[in-house]
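Hi,

Here is the structure I promised to pass on. Have a look at it first, and then read my notes below.

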Amino acid sequence: MLENILIKNTLILIQPGEIAENQDILIENGYIKKVDYHINDENFKGSIIDGSNNLFMPGLIDSHVHTGQQLLRGRILDAKPIIWTRVMLPFETQLTDAKMKLSAEIAALEMITSGTTGFVESGSYHMMSAASVYAQSGLRGALSSSTMDDPTLPKEIKMSANEAIQQNNELYDNFNGTSNLKVYYSLRALNACSDELILKASDMAKSRNTFLEAHMNEYPAEVQGIIDRTGQHPYEFLEKMDVLGPHFIGAHSIFLTAHEKEIIQKHHVKICHCPFSNAGKGVPDTPELLDHHIPAGIGTDGAAHGGLSLWNEMKIFRSVMNLHHGVQKHIPNIMPSKRIFDMTISNGAQILNEEGTLGKIQAGYKADLIGIDINQPHLYPSGNWQNTLLESVNANDVTEMIIGGKFIMRNREVLTLDQERIMYEARKWNDSL
Ligand SMILES: [Zn+2]
């Protein structure tokens with residue numbers, strides 16, 4: 001039974017670009033029931049929270065994260081490309097159920113303490129043990145298994161197309177609809193997936209009415225690999241295979257031809273950029289993509305690429321966009337704060353298949369929200385809260401988190417996971433290396 005929550009007298013970001021002062025928020029049965037200047041609490045039964053030192057806003061959504069790379073933190077900065085084949089893959093082949101559980105526990109803790117209420121896992125191994133952790137954490141997530149059938153892969157992770165699909169099916173059968181979790185299908189790197197696997201993953205996602213994700217157009221060499229194999233650019237190839245649609249998420253999508261942009265728009269494909277990770281590869285044409293109403297989200301790409309703070313990613317993204325596109329075109333407001341939060345929150349909700357149910361503090365929406373302690377010298381006072389959220393707020397300013405009407409963090413104490421025990425395990429693992 002969920003406890004009702006009434007947050008009193010708080011500043012709210014209702015949705016990107018819309019701020020309201022002195023508001024009360026009533027949460028009942030996991031949903032936002034009412035937002036108003038004053039809600040009568042005479043007969044209210046539940047927790048009453050004083051929000052006068054906070055700004056409450058919809059939780060951030062990480063549209064692309066890898067649970068299995070959490071223990072790689074600090075180990076790949078300045079490494080030569082392609083990091084994926086030289087570093088990531090060898091590391092992931094050495095994972096075990098126990099290591100993956102620890103990895104997921106640290107990832108969940110980092111997301112909660114950074115204000116990320118929702119995430120899309122983009123393919124890792126041992127996902128069954130990670131899924132149990134995420135179910136306990138209370139986070140809202142879409143999970144998938146790493147899916148590849150390249151026969152030259154190391155023996156620990158080598159599998160046929162059928163085995164790869166079977167692994168994702170098992171995750172789906174066990175965890176789709178459990179806690180706040182759903183399960184997607186994924187194609188890890190297109191170059192490591194056969195036509196057979198691409199079609200099978202696509203058919204399975206369609207028949208189960210769920211989403212299909214893939215790493216797309218991330219490196220010039222990867223794009224060239226698809227051209228050599230098929231005579232077509234990656235999105236052209238997938239269009240011909242009939243796997244594109246509103247249920248398809250193309251992560252990265254940096255190196256796109258004009259024709260591929262048309263294809264993405266035509267099929268209502270969703271995309272996602274990972275600013276820190278992408279900054280070592282290239283700059284996406286995000287202003288143009290957004291102008292064409294292509295829903296682009298923001299992801300961290302896992303802790304190996306600068307951690308799981310979306311606050312960091314949004315600051316980096318703004319700098320890259322302004323330096324590359326804004327300066328060239330003499331448009332200083334090419335990527336304003338509202339637009340970036342729209343990507344992280346509103347487009348993130350679409351990528352999490354929660355359009356119309358997540359991303360606003362408004363009656364009828366799911367109660368996934370975070371509270372920021374604004375009573376700090378680096379935040380207060382602010383002449384424009386939308387700008388201050390982008391420029392000055394950091395992960396550790398988030399003190400409260402509610403997901404589906406349940407408190408996940410209060411006064412920075414994580415309530416669903418044992419932070420002390422997990423950090424002890426992490427230190428023990430690191431000392432054992
Ligand atoms: Zn990735």
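A quick bit of vocabulary before we start: helices (H or I, at least four residues) and strands (E, at least two) are DSSP runs, numbered from the N terminus. Residue numbers start from 1 along each chain, following the sequence as written. Keep in mind that this is a predicted model, where local features need pLDDT of at least 70, side-chain atom pairs count only at pLDDT 80 or more, and totals for chains, interfaces and linings use all residues.

**Helix 11 and what follows**

Just after helix 11, histidine 330 takes a positive phi of about 55 degrees. The helix has a kink too, of about 35 degrees, centred on asparagine 322. That bend is the angle between axes fitted to the seven residues ending at a residue and the seven starting there. How far apart are the end C-alpha atoms of helix 11? They are 27 Å apart, which agrees with the 28 Å that its 20 residues (310-329) should span at 1.5 Å a residue. The expected span is 1.5 Å times one less than the number of residues.

Several residues of helix 11 are buried, among them Leu310, Trp311, Phe317 and Met321. "Buried" stands for 20 or more other C-beta atoms within 10 Å of a residue's own; 12 or fewer makes it exposed, anything in between is partly exposed, and the C-beta atoms are placed from the backbone.

**Two domains**

The domain assignment gives domain 1 (5-58 + 362-414) and domain 2 (60-351); such bounds come from an automatic or database domain assignment. Their C-alpha centres lie 29 Å apart. Across the boundary, 21 residues of domain 1 are in contact with 23 residues of domain 2, where contact is C-beta atoms, placed from the backbone, within 7 Å. On the domain 1 side, the elements giving two or more residues are helix 13 (385-391), strand 16 (398-403) and strand 17 (406-410). Helix 13 gives the most, with 4 residues.

**Strands 1 to 3**

Strand 1 (residues 5-15) and strand 2 pair in the antiparallel sense over 7 bridges; two strands count as paired if DSSP finds at least two bridges between them. Within this pair, isoleucine 12 stands opposite alanine 20. Their hairpin has 2 residues between the strands, and glycine 17 takes a positive phi near 90 degrees there.

Strand 2 also runs antiparallel to strand 3 (residues 31-36), joined by 5 bridges. Here leucine 26 has lysine 34 as its bridge partner. This hairpin has 2 residues between the strands as well, with asparagine 29 at a positive phi near 50 degrees.

Now pick out aspartate 24, in strand 2 (residues 18-28). Is aspartate 24 buried or exposed? It is buried, because 21 other C-beta atoms lie within 10 Å. Its C-alpha is 7.0 Å from that of leucine 6, although the two are 18 residues apart along the chain. Leaving aside neighbours within four places in sequence, its contacts include Ile7, Asp36 and His38.

**Two parallel sheets**

One open sheet has 4 strands in the order 6-7-8-9, with parallel pairing. Strand 6 (60-65) and strand 9 (181-183) are the edge strands, each pairing on one side only. Neighbouring strands are turned by 15 degrees against each other on average, direction ignored. For these angles, axes are lines fitted to C-alpha atoms (for helices over the stretch in contact), and angles run from 0 to 180 degrees between N-to-C directions. Inside the sheet, 3 bridges join strand 7 (residues 116-121) to strand 8 (residues 140-143), and valine 120 stands opposite alanine 142. Helix 4 (residues 161-175) lies across strand 8 and strand 9, at about 150 degrees to strand 9.

Another open sheet has 5 strands in the order 10-11-12-13-14, again with parallel pairing. Strand 10 (185-189) and strand 14 (296-298) stand at the edges with a single partner each, so one side of each is left without a neighbour in the sheet. Neighbouring strands here are turned by 25 degrees on average, direction ignored. Helix 12 (residues 337-351) packs on this sheet, touching strand 12 (248-252), strand 13 (270-273) and strand 14, and makes about 110 degrees with strand 14.

Have fun exploring!

Notes: Two residues are in contact if their C-beta atoms, placed from the backbone, lie within 7 Å.
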